[in-house]
Amino acid sequence: MNEMSTSRPRRNDDGLGPTSDIGARLRALFGAVQDEPIPDRLMDLLEKLDQAENNSPKKGK
């Protein structure tokens, strides 16, 4: 073989290639966001939406 060819140390490859670091950071970021509680204001809005849907006449039935 060619004397110039040297093997580079390989990192633990997760199949993403050069973007594996980006993928790991994105997973960590979204994991942290997923663990955050839903704000009370948003929960109130969702409850109002549910009530409005339940009180509206059903279409097509």
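## Nonpolar surface patch

I38, L42, M43, L45, L46 and L49 together make a nonpolar patch of about 520 Å² on the surface. This description rests on a predicted model. One member of the patch, I38, is placed in the loop that runs between α1 (20-34) and α2.

## Negative surface patch

A negative patch is also present on the surface, formed by D40, D44, E47, D50 and E53. Among these residues, D44 belongs to helix α2, which spans residues 40-55. D44 has a relative accessibility of 43% and therefore counts as partly exposed, since that class lies between the limits of under 20% for buried and over 50% for exposed.

## Overall fold and surface

The secondary structure of the protein consists of two helices and zero strands. The loop containing I38 lies between these helices, α1 (20-34) and α2.

The protein has 61 residues, of which 3% are buried. Its accessible surface amounts to about 6500 Å², and carbon and sulfur atoms account for 56% of that area.

Key
Residues numbered from 1 in each chain as written. Predicted model: local features only at pLDDT ≥ 70, side-chain atom pairs only at ≥ 80, totals over all residues. Heavy atoms only, no water. Patch = residues over 30% accessible without salt bridge, like charges linked within 9 Å, V, L, I, M, F, W, Y side chains within 5 Å. Areas by Shrake-Rupley, 256 points an atom, 1.4 Å probe, with all protein chains shown as cover. Salt bridge = Lys/Arg side-chain N within 4 Å of Asp/Glu carboxyl O. Lys, Arg positive; Asp, Glu negative; His and termini not counted. Charge placed at Lys NZ, Arg CZ, Asp CG, Glu CD. Helix = DSSP H or I, 4+ residues; strand = E, 2+ residues; numbered from the N terminus. Buried < 20%, exposed > 50% of the residue type's maximum accessible area, 1.4 Å probe, protein only.
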